[in-house]
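Me: Got a model open here and I'd like to talk it through. Can we start with the ligand and then move on to the domains?

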Amino acid sequence: MTILVTGATGHLGGLITRRLLDRVPATDLAVSVRDTTKAADLATLGVDVRQGDFTRPDTLRFTGVDTLLLVSADGPDELRKAAQRDAVDAAVKAGVQRLIYTSVSDAATSPLSLAKVHAATEAHIRDTGIPFTFLRNGMYHENYTASLSGALDRGSLVTSTGTGAIASVSREDLAEAAAIVATTPGHDGATYELTGPRAWTFDELASLASSVTGKPLPHVSVTDAELRAALVAAGLPDFVADLLTDINANIRTGTLSQVRPDLATLLDRAPTPIEHTVRAALAP
Ligand SMILES: NC(=O)c1ccc[n+]([C@@H]2O[C@H](COP(=O)([O-])OP(=O)(O)OC[C@H]3O[C@@H](n4cnc5c(N)ncnc54)[C@H](OP(=O)(O)O)[C@@H]3O)[C@@H](O)[C@H]2O)c1
């Protein structure tokens, strides 16, 4: 029984691989990574480390894999849409038995701009006929806690989220859920909507960061155009500024505020609250 994880040198894929190593022998595990030198620690543990880049399908080696855990790629939409399509095709061609894909909340119907790539990949996976599970991951807690120390240094937390709330989720929980799905039966054809335990606002996030550090942190909500201009001025590529502004706008309008039960069911415990990740990020 071989499980292969893609993107294992990234944040989520790395955590998934660690959680899988808690559950199966290293010799049952393979990873596909762009740069094998970054996965030397996994090779030392006995994991089969394969080099592969979705944008160069000839490099993808999925032979002998029973379960493929496809972590969505990053980059501009059109590039990753084609790349993920090619990765799915490579999996089918190699005879993979089962595909688990990390998608996004409500991929098929969400107004989020980034959902289009996930919807296209989900549709393609369905069309191939391969047994699949979609892990529709909510936005990570860590997206928001990672920027808190910078915000504390600058003296304000700037978003365009207004009073909108988001039911974000910890990467660790998503990784544990992915490892459970990959190593237990009964998930074929399932679509899991994975969110955190409650929806929080950016006023609350700022006040949490303030209470942990003792420093004042007002949340300032600006317009989408002002936010985008600030992101570009900070040096982010246009497509990233567009993506982040779109996510902010969707948080404001409530797109990401629904709390779903699937993650608690898979983990058999309550998912990690945002407070925990804020404290971990700001611990002295
Ligand atoms: N839910 C959320 O809040 C959220 C936030 C950000 C991203 N995402 C999505 O979820 C994925 C995982 O998140 P993350 O935090 O782990 O992101 P990450 O740390 O940026 O990891 C992305 C992984 O994808 C790999 N990758 C990118 N392009 C690839 C390609 N063409 N071929 C093969 N591998 C490729 C990267 O390889 P290298 O290690 O070689 O760079 C990396 O390992 C992201 O890629 C993105 O699609 C979700």
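Me: What does the polar backbone atom of Phe54 sit 2.9 Å from?
Reply: A nitrogen atom of the ligand. Keep in mind that this is a predicted model.

Me: And which ligand atom is 2.6 Å from Thr9?
Reply: That one is an oxygen atom, and on the Thr9 side the partner is a polar side-chain atom. Asp74 also joins in through its side chain, with an N or O atom 3.4 Å from an oxygen atom of the ligand.

Me: How much of the ligand does the protein bury?
Reply: 82% of the 880 Å² that the ligand exposes when taken alone.

Me: Which residues come nearest to the ligand?
Reply: Thr9, His11, Leu12, Ser72 and Asn143, out of 20 residues around the ligand. So Thr9, with its 2.6 Å pair, turns up here as well.

Me: How does that shell divide by residue type?
Reply: Six nonpolar, eight polar and six charged.

Me: Why does the ligand lie between the domains?
Reply: Because domain 1 (3-136) and domain 2 (138-170 + 195-259 + 268-284) both give residues to the shell around the ligand.

Me: OK, switching to the domains themselves. How many Å separate their centres?
Reply: Taken over C-alpha atoms, the centres of domain 1 and domain 2 are 27 Å apart. Their contact takes 11 residues from domain 1 and 10 residues from domain 2.

Me: What area is buried there?
Reply: About 860 Å² between domain 1 and domain 2, with carbon and sulfur atoms giving 66% of that. On the domain 1 side, Ser105, Leu112 and Leu114 supply 44% of the area buried against domain 2, more than any other three residues.

Me: How many salt bridges between the two?
Reply: Zero between domain 1 and domain 2. For polar contacts, the rule finds one residue pair across that interface.

Me: And what's the make-up of the side of domain 1 that touches domain 2?
Reply: Six nonpolar residues, four polar and one charged.

Note on methods:
Residues are numbered from 1 along each chain as its sequence is written. This is a predicted model: local features need pLDDT of at least 70, side-chain atom pairs count only at pLDDT 80 or more; totals for chains, interfaces and linings use all residues. Side-chain values use heavy atoms; hydrogens and water are left out. A residue is near a molecule or strand if one of its heavy atoms lies within 4 Å of it. A polar contact is a pair of N or O atoms within 3.5 Å; within protein, one must be able to donate a hydrogen and the other to accept it, and residues adjacent in sequence count only if both atoms are side-chain atoms. Accessible areas come from the Shrake-Rupley method with a 1.4 Å probe; for residues, only the protein chains shown count as cover. Ala, Val, Leu, Ile, Met, Phe, Trp, Tyr, Cys and Pro count as nonpolar, Asp, Glu, Lys and Arg as charged, and the others, Gly among them, as polar. Domain bounds come from an automatic or database domain assignment. Contact means heavy atoms within 4.5 Å. Buried area is the accessible area (1.4 Å probe) that two parts lose on being put together, summed over both. A salt bridge is a side-chain nitrogen of Lys or Arg within 4 Å of a carboxyl oxygen of Asp or Glu.
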